[in-house]
Amino acid sequence: MPVIKDILLQLLFALMPFVAYNIYYRNLTVNYSRNFIIFICSLCLLLSMTFPSSVQTGLIFDVRYVIMFFGMLFGGMMTGGILLVEFLFYRLYIGGSGMIDAMIILVITFPLSAMLAFLYHKSRHKLWIIFIAGISFSCIPLIVLYTTKPDYILNHLIFNILMMPVHNSLGIWLLVTLFNKSVSDKELSLKYIQNEKAEAVNHVAASLAHEVRNPLTTVLGFLQLIKSGNFPQEKTERFIDISMEEIRRTEQILSDYLSISKPPAMHQQRLELITQIRSVVDVMLSYANMNNVAINVQCPPMLIFISGNTSELKQLLVNFIKNAIEASRDVAKGTVTVTIREEISHVHIEIHDNGIGMNSEQLSRLGSIYYSTKMSGTGLGLTYSYQAIRAMNGNVSVHSKPQSGTTFTITLPLAPITT
C-alpha cells in the first residue's frame, strides 16, 4: 500500500505542469512561455525529490527524468541546463548511498534526453519517441543500480521493477500527451479567435471606409473653394476651421479603429470606461447605419474607472455590439442600447437589442467554444469576450427570449482609488 501511495504522489508531481498550464492559461489569450516551463519544472523537480519513493535509506526514486525530458521538450536546452544545475545541487545536499549512482545515471540520461527532445520535434512518429524515452529512463537506472548494487535490486525486485516503469514510462506518456493536447487546443482556439477578430475588424472597416470618405470629401470641397480665392478672409478661415475639425474627427475614428485591430498588450492599466465605450460606439455607428440599426448610449455624467487592457476591452465591446447589431438588422426599427450603471464597487454595462432573441437551449450553450447562433460564426468572438471579462475579474449574464431581444450585462469591478 505505501508503494502505491508513493507512485501516485510521484505521478501527481509529474502531471503538475499539465494541471498548472490549464489553470494559469485558461483565460489568457497567449500560449505558454519558456519562463512558465522553467518555473513549473523547477518546482516539480524540487517537490518530487523532497518527497521521493524509497525502500532503503539513501536510495531515492522520483520523476526527475520525466521532468528534465519534458523541460527540454517544451522549454529548450536552456531549461534543461537550469534543471540540471538544480538537480546537482539538491542531490548533493540530500546525499546518501545512492548519490554516486544518481550522478552516473544523470551522465547517461541527460544527453539522451537532449537527443530525444531534438528527435521529437523533427520526427513525425512522436509516440515512438515518447515510448523510447519511457523505456530508456526505466531501464538505465535499473541497469546502473544492478551493476553497482546487485543485492539491493534482488532484495527489492518487485519494488524496482514496478516503480521505474510506472514513474517514467507512464509519467512521460501522460505528461507529454496531455500537455501537447492542451497546447494544440489552445493554439487552435487562439487562431480562431484571431480569425473572428479579423472578421469583425473587416466588417467594421467596410463601413469605416464610407465614414472616412465623407469628411475627406468635405475637406476637399473646402480646399477647392479656398483655392478659388473668391471669398473674404473671414469665410476662408471658417472653411479652414471646419476642414481641420473634419480631419481631427477622421484621425480619431482611425485611431479608435487601429486600437481595436492591434494585438492586445499583456499588462492592465487604469481606464476611464465611458470614454472607451463612446470611442467603440463611434466606430460601430457606420456598421450600424449599414444595417439600418440605431445605437443609443446612456451613461452617468461622472467618470468611471476600471482596471483592464484597452485593446481587449474595446475588442470585447465590439464583439457584443456587433452581435447586437446583426441580431437587430432584420426587425423594424432595430435598436441597440448601451447603458452604464455604477454601484458601490462595480459597474454594469448593459447591451440591449430588440432583435430576434434566443431560446433557452441557445442561452445554455452561449459562450461555449465553437458554438455560435450564426450560420457562418465560430463562436470564438463571445468565447474570447467571456475570457477577457474573467481576466478583468468580471462576469457576464444574459437575458433573452425569442423575438423579444437580448440583454447582455457585463459586470466589472471598479479600479481602486489612487492617491
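**Exercise 1. Find the hairpin formed by strand 8 and strand 9, and describe its turn.**

Solution. Start with the limits: strand 8 covers residues 395-400, and strand 9 covers residues 406-413. Strands here are DSSP runs of E with at least two residues, helices are runs of H or I with at least four, and both are numbered from the N terminus. Next, look at the turn: five residues lie between the two strands, and Q403 there has a positive phi of about 65 degrees. Then check the pairing, which requires that DSSP finds at least two bridges between the strands. Strand 8 and strand 9 run antiparallel and are joined by six bridges. One residue to pick out is V398, whose bridge partner in strand 9 is F408.

A note before you go on: this is a predicted model, in which local features need pLDDT of at least 70 and side-chain atom pairs count only at pLDDT 80 or more, while totals for chains, interfaces and linings use all residues. Residues are numbered from 1 along each chain as its sequence is written, and side-chain values use heavy atoms, with hydrogens and water left out.

**Exercise 2. Which residue of strand 9 is the bridge partner of I351?**

Solution. Begin with strand 7, residues 346-353. Strand 7 runs antiparallel to strand 9, with eight bridges between them. Within this pairing, I351 has F408 as its bridge partner. Now turn to strand 6, residues 334-342, which is joined to strand 7 by seven bridges, again antiparallel. Strand 6 and strand 7 form a hairpin with three residues between them, and T339 has E350 as its bridge partner in strand 7.

**Exercise 3. Classify the aromatic pairs Y24 with Y25 and F320 with F408.**

Solution. First, the rule: rings of Phe, Tyr and Trp (its six-membered ring) pair if their centres lie within 6.5 Å; planes under 30 degrees apart are stacked, over 60 edge-to-face, and the rest tilted. The whole structure holds 19 such pairs. For Y24 and Y25, the centres are 4.9 Å apart and the planes stand at 85 degrees, so this pair is edge-to-face. Their exposure comes next (buried is under 20% relative accessible area, exposed over 50%, partly exposed in between, with a 1.4 Å probe and protein chains only). Y24 is exposed at 51%, whereas Y25 is buried at 5%.

Now take F320 and F408: with 5.0 Å from centre to centre and 55 degrees between the planes, this pair is tilted. F320 belongs to helix 10 (residues 310-328) and F408 to strand 9, so the pair links parts of the chain that are 88 residues apart. Both rings belong to buried residues, F320 at 1% and F408 at 9%. To finish, trace the cluster that ring pairs build from Y21, Y24, Y25, Y32, F36, F70, F74 and F179.

**Exercise 4. How does the span of helix 5 compare with the expected value?**

Solution. Helix 5 has 23 residues, 126-148. The expected span is 1.5 Å times one less than the number of residues. That gives 33 Å, and the end C-alpha atoms are 33 Å apart, which agrees. Then list the buried residues, among them I129, I130, A133, F137, I140, V144 and L145. It helps to recall that an α-helix has 3.6 residues a turn, so residues three or four places apart point the same way.
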